[in-house]
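Reader: I should be grateful for a close examination of one part of this structure, namely the place where the two chains meet. Please describe what each side brings to it and how it relates to the interior.

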Amino acid sequence: MSDTFFSGAPHWTWFIVPYFFVGGLAGGAYFLAAALDWFGRPEDRPVVRTGYDIAAVGAILSGLLLTIDLGRPLRFWHMLFQSENFPAIMFKGWSPISFGAWAILLFGLFSVLSALGARAEEGRLQMPALRAVGGVVTGGVAKLVSGVGGLLGLFIAGYTGILLSVTNRPIWADSPWLGALFIASGASTGAAALILLAPARGATERTLAWLASFDARALVVELLILVAFIASVWSIRQVWISFWGLVLFVGVIGFGILAPLRMHAKPAQAAKLVLLGGFLLRVATILASEGIDRYRVAAGL
Amino acid sequence: MPEPMGFFTDTTVCIGCKACEVACKEWNQLPAENGGVGELSGDSYDNTRKLDGIHWRHVRFIEQFKGPYDGRWLMMSDVCKHCVQAGCLEVCPTGAIIRTEFDTVVIQSDVCNGCRACIAACPFGVIDVNPVSGTAQKCTLCYDRLKVGLEPACSKACPTDSIQFGSIAELRTRAHKRVDQLKAQGVKAELYGADPDGALGGLNSFYLLVDEPEVYGLPRKPTLPSRNLGKSASFSLASAAVLGVLALVGLRKRRMDDMGSPGGGGPN
């Protein structure tokens, strides 16, 4: 039996599951938007703008979900500054939850700046203060912001998996693949969200086709990593003999990866399934570990 | 500078009276569970069952019965191990978890924001949320009592000296003598967590056991959560690199297709 079965569950449930999903999706969408911003064509701009909007909304939502999940939400800033020694910075480079707190703050800042820049580009900003900020984020500045923000996006998508691995919990600490898996899922769900939302902003068929093609490749990468993940926790495979195992094998692999891969002709429907699969991936990986009754397992019951 | 202090728990003399649990609850003013209404576990004479945010001491009852006339009770008063290398302290993002001058590990409740990372990091399942404070809590090894030269409430209350408090060096000497004594009597006795070169640099609350650690709900080789950081980060980086290359190769291919097609545009 893995030594991880003697640890306690941290009660990361219905605020953390959506946070991991939204954070991954927002990070993936920003990364793709930044890639198109840097290396795409003018016709890709509607998708770029949509990606920045998704990232900004996702980052704000992520911050809210994380804060609400705390036992003492008003002390959220204790993760950023030393509460007894303000304004000294609170940062532990070896603790994923510590560098994650800073990363989500910076990702929020970069995604909001990019979103404002994109809205200024369209002339859709009414408030003078926002228009002034958005006006600065153009040209080289916009490229720089999106370059750093795109890398932060991948980081946000992946650090949540590393956070789970850097514990002593069953499944999470038994595998080093969760970070890699969540990055692939963030990319695939980010692309799916763009496929669904960008047409309303005037996305062209060519850009959408590129997104669908990238999404399919990201799903293949995700599937390969998922196989490696399942193999890495093979010694505790009995954990999947549960409702969460059904969610992983049927919901994530079946409906979230294999089905969309077979739906080339219907990218919008495939994208909806990818989003469902991405959400269920977080549900299965988080709640399968949360649900293990350590006392019964420790007692061999 | 005070020397490292801690507990040596000799499980062979524990009688399961739970006086330590009561003394801990009383001194630390920990709230009752279930509004104070007694609730039977239904599968054990132990009705408090576990360590958590409002049970900083727990007397574990291990009921090993193969038949009506063939069995034994093992009792162990469990508590935070005050690890020399503490996983909870390692991951805590607020700095709420500190190492004291007594080499013990304490959560400062006024700093903790209840993120619960320490709960998942602890290999022993010691920490949990206290629903009254909304913060993670566990045994402080009665830091407030130690500061004024008093013994922790649990060891003070223990009627059989199963829980012994003292300097770690002295407790280790005493524990080794007790193991030798028991082995001379034919008892299979082993120390858990007493080796400073062992897991987590040794535990400042260590135990004398007469069965395998797992029987007492203890991991055989407890480890720090950070053992996974390097590998997990490397795999994530590789995954990010693969996806980045896929995106860029896809964009490059599209551009090449454009340049190759009649009337296609050049690079933007």
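Author: In this predicted model, 58 residues of chain A are in contact with 54 residues of chain B. On the side of chain A that touches chain B, at least two residues come from each of α1, α3 (96–122), α5 (139–165), α6 (178–197), α7 (205–232) and α10 (294–298) of chain A. The greatest contribution to that side is made by α7(A), with 7 residues. Sorted by class, the side comprises 32 nonpolar, 17 polar and 9 charged residues.

On chain B, helix α7 (residues 229–260) merits attention. This helix of 32 residues spans 46 Å from its first C-alpha to its last, close to the 46 Å expected at 1.5 Å a residue. Its buried residues are Leu229(B), Ser232(B), Phe235(B), Ser236(B), Ser239(B), Ala240(B), Leu243(B) and Ala247(B). An α-helix has 3.6 residues a turn, so residues three or four places apart point the same way. The cover over the buried residues of α7(B) includes α1, α5, α6 and α7 of chain A.

The interior may be considered next. The largest nonpolar core has 172 residues, and Ala29(A), Ala33(A), Ala284(A), Cys88(B) and Cys118(B) touch the most other members. Helix α1 (residues 16–39) of chain A provides the largest share of this core, 16 residues. From chain B, the core draws at least three residues from each of domain 1 (5–223) and domain 2 (227–260). As for Ala29(A), its contacts, not counting residues up to four places away in sequence, are Gly51(A), Ile54(A), Ala55(A), Gly190(A), Ala193(A) and Leu194(A).

Key
Residues numbered from 1 in each chain as written. Chains lettered and ligands numbered in written order. Predicted model: local features only at pLDDT ≥ 70, side-chain atom pairs only at ≥ 80, totals over all residues. Core = buried A, V, L, I, M, F, W, Y, C linked by C-beta atoms within 7 Å. Buried ≥ 20, exposed ≤ 12 C-beta atoms within 10 Å, placed from the backbone. Helix = DSSP H or I, 4+ residues; strand = E, 2+ residues; numbered from the N terminus. Domains from an automatic or database assignment. Contact = placed C-beta atoms within 7 Å. Nonpolar A, V, L, I, M, F, W, Y, C, P; charged D, E, K, R; others polar. Expected span 1.5 Å × (residues − 1).
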